[in-house]
Amino acid sequence: MSNHQDVLSQLDKKYNKIDQDLDTHLDGLLHSKPITYWDYINTDALLSLQTQRTGLPDEMVFLMYHQVNELLFKMMLWELEQLASEKNISAEFFKERLSRVSRYFDMLASSFTVMQDGMDLKQYMKFRDTLTPASGYQSEQYRKIEFASTEIINLVDNRFRNKTPKDVKLEDAFEDLYWQAAGKDFKTGKKNYMLTSFEDRYKNELLRFGKTYRTRNLWSIFKALPSKIKEDKGLVDAMRHYDYTVNVTWVMAHYNAAKHYLTNGGEITEATGGSDWTKYMHPKYQRRIFFPELWSEQEREDWGKNL
Ligand code: HEM
């Protein structure tokens with residue numbers, strides 16, 4: 001059978017299965033337009049999403065770099081979802097997906113100088129006033145990446161972590177998650193607008209997401225792999241690399257950008273979201289670690305120190 005005939009008979013089967021007439025679809029092909037790059041990528045739609053709140057040119061750098069981050073976050077979540085939904089995970093599949101996710105975060109960490117060095121300080125200090133009380137803190141995808149990377153216990157505020165059961169569920173630990181500290185007064189329970197508006201918008205979805213990833217996050221999946229694979233030095237190094245990139249390298253790049261703009265001549269400026277950012281943003285205070293058992297006690301103790 002020639003290739004044409006073979007394809008035609010396969011198409012016939014395909015359309016028969018869904019009670020469709022192949023001839024009508026073939027006629028449709030005669031009239032349909034060929035695909036173009038701009039239709040496929042949706043270039044016009046994508047490039048129409050940059051709406052500035054001021055006329056200051058560097059606000060565009062700020063806005064678009066955040067959008068680039070959200071696109072890469074989406075790429076990471078795509079891979080993490082492939083891992084979570086795969087029933088029989090081989091060592092090769094795990095390594096491959098981990099390296100994809102890790103590569104995306106490497107891109108984010110190494111490009112963060114776009115924020116620190118890529119905007120004019122005077123312009124930043126002007127356009128930031130139009131963004132209060134919004135903050136990158138309100139990125140839902142960033143929180144999802146954390147839930148898909150580790151168990152909830154490792155995202156509990158460092159002050160309460162030892163007193164919390166290791167297998168705590170998200171719904172029981174939600175109020176003790178480390179990020180509550182940026183918007184909540186733990187003595188009175190009062191939350192700021194950055195946090196309440198974020199929770200109003202995303203809490204239900206985050207709880208649903210957390211349930212799905214409770215045993216299907218990177219750390220739980222890794223722990224369930226056969227010992228021989230778990231002890232593979234290359235894999236352990238790759239896990240540690242991802243952990244360090246997300247929780248130290250990126251966090252420090254972010255902190256240094258904040259320091260650059262928000263400590264004007266030694267004086268500390270309030271963040272748009274309103275957190276006590278000098279403390280909140282430094283890794284030595286939050287000490288979040290996705291894969292704690294892959295680090296020695298000393299390494300965990302020294303997390304983020306001397307930076
Ligand atoms: C000049 C650039 C930036 C500055 C000065 C800055 C500043 C801050 C500050 C002060 C906070 C603490 C919460 C608050 O009070 O607002 C924060 C949180 C956060 N920002 Fe940024 N940020 C910058 C760029 C970015 C970018 C490009 C992203 C990427 C999406 C981002 C994502 C986040 C996230 C995820 C948090 C929460 C982090 C956590 O809970 O530990 N930020 N940022």
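Of the 307 residues in the chain, 23% come out as buried. The model is a predicted one, and the secondary structure amounts to 17 helices and 2 strands. Laid along the principal axes, the C-alpha atoms take up a box of roughly 75 × 55 × 35 Å. The chain splits into domain 1, spanning 3-32, and domain 2, spanning 58-301. Between the C-alpha centres of domain 1 and domain 2 there is a distance of 48 Å. As for how the chain folds back on itself, take the contacts with a separation of 6 or more: 69% of them link residues 24 or more positions apart.

Next, the packing. The largest nonpolar core is built from 33 residues, and the ones with the most contacts inside it are Met76, Leu98, Val101, Phe105, Ala148 and Tyr242. At least two residues of this core come from each of α5, α6 (91-110), α9, α12 (218-223) and α14. The biggest share is that of α6, with 6 residues. A second core, separate from this one, has 12 residues, including Tyr137, Ile152, Ala181 and Leu195. Back in the largest core, Tyr242 is among the residues with the most contacts. Setting aside residues up to four places away in sequence, Tyr242 touches Leu98, Val101, Ser102 and Phe105.

Helix α5 deserves a paragraph of its own. With 28 residues, α5 runs 41 Å from its first C-alpha to its last, close to the 40 Å expected at 1.5 Å a residue. Buried along α5 are Glu59, Phe62, Asn69, Phe73, Met76, Leu80 and Leu83. One of these, Met76, also appears among the residues with the most contacts inside the largest core. The cover over the buried residues of α5 includes α6, α8, α9 and α12.

Then there is the ligand. The shell around the ligand holds 24 residues, with Ser135, Gly136, Ala271, Gly273 and Ser275 the closest. The elements that put two or more residues into this shell are α5 (58-85), α14 (233-262) and α15 (277-280). Top contributor is α14, which gives 5 residues. By residue type, the shell divides into 14 nonpolar and 10 polar residues, with no charged ones.

The loop between α8 and α9 is where Ala134 sits. Ala134 has 16 C-beta neighbours inside 10 Å, so it counts as partly exposed. Along the chain, Ala134 and Thr272 are 138 residues apart, yet their C-alpha atoms are separated by 6.2 Å. Pro133 has its place in the loop between α8 (121-127) and α9 (140-149). The peptide bond joining Thr132 and Pro133 is cis, with omega at about 5°.

Backbone geometry has a couple of other oddities. Most residues other than glycine have a negative phi, and most peptide bonds are trans. Asn42, not a glycine, has a positive phi of about 60°. This asparagine, Asn42, lies in the loop between α3 (37-41) and α4 (43-46). Asn42 counts as exposed because it has 10 C-beta neighbours inside 10 Å. Asn306 also isn't a glycine and has a positive phi of about 60°. Asn306 is found in the segment after α17 (297-301). With 5 other C-beta atoms within 10 Å, Asn306 is exposed.

Finally, the end of the chain meets α14. Val248 has its place in helix α14. A count of 18 other C-beta atoms within 10 Å makes Val248 partly exposed. Val248 and Leu307 are 59 residues apart in sequence, while C-alpha to C-alpha they are 9.3 Å apart in space. Leaving out neighbours within four places in sequence, Val248 is in contact with Pro283 and Gly304. Helix α14 thus turns up in several parts of this description: α14 supplies at least two residues of the largest core, and α14 gives the most to the shell around the ligand.

Definitions and conventions. Residues numbered from 1 in each chain as written. Predicted model: local features only at pLDDT ≥ 70, side-chain atom pairs only at ≥ 80, totals over all residues. Near = placed C-beta within 6 Å. Helix = DSSP H or I, 4+ residues; strand = E, 2+ residues; numbered from the N terminus. Nonpolar A, V, L, I, M, F, W, Y, C, P; charged D, E, K, R; others polar. Buried ≥ 20, exposed ≤ 12 C-beta atoms within 10 Å, placed from the backbone. Contact = placed C-beta atoms within 7 Å. Core = buried A, V, L, I, M, F, W, Y, C linked by C-beta atoms within 7 Å. Expected span 1.5 Å × (residues − 1). Domains from an automatic or database assignment.
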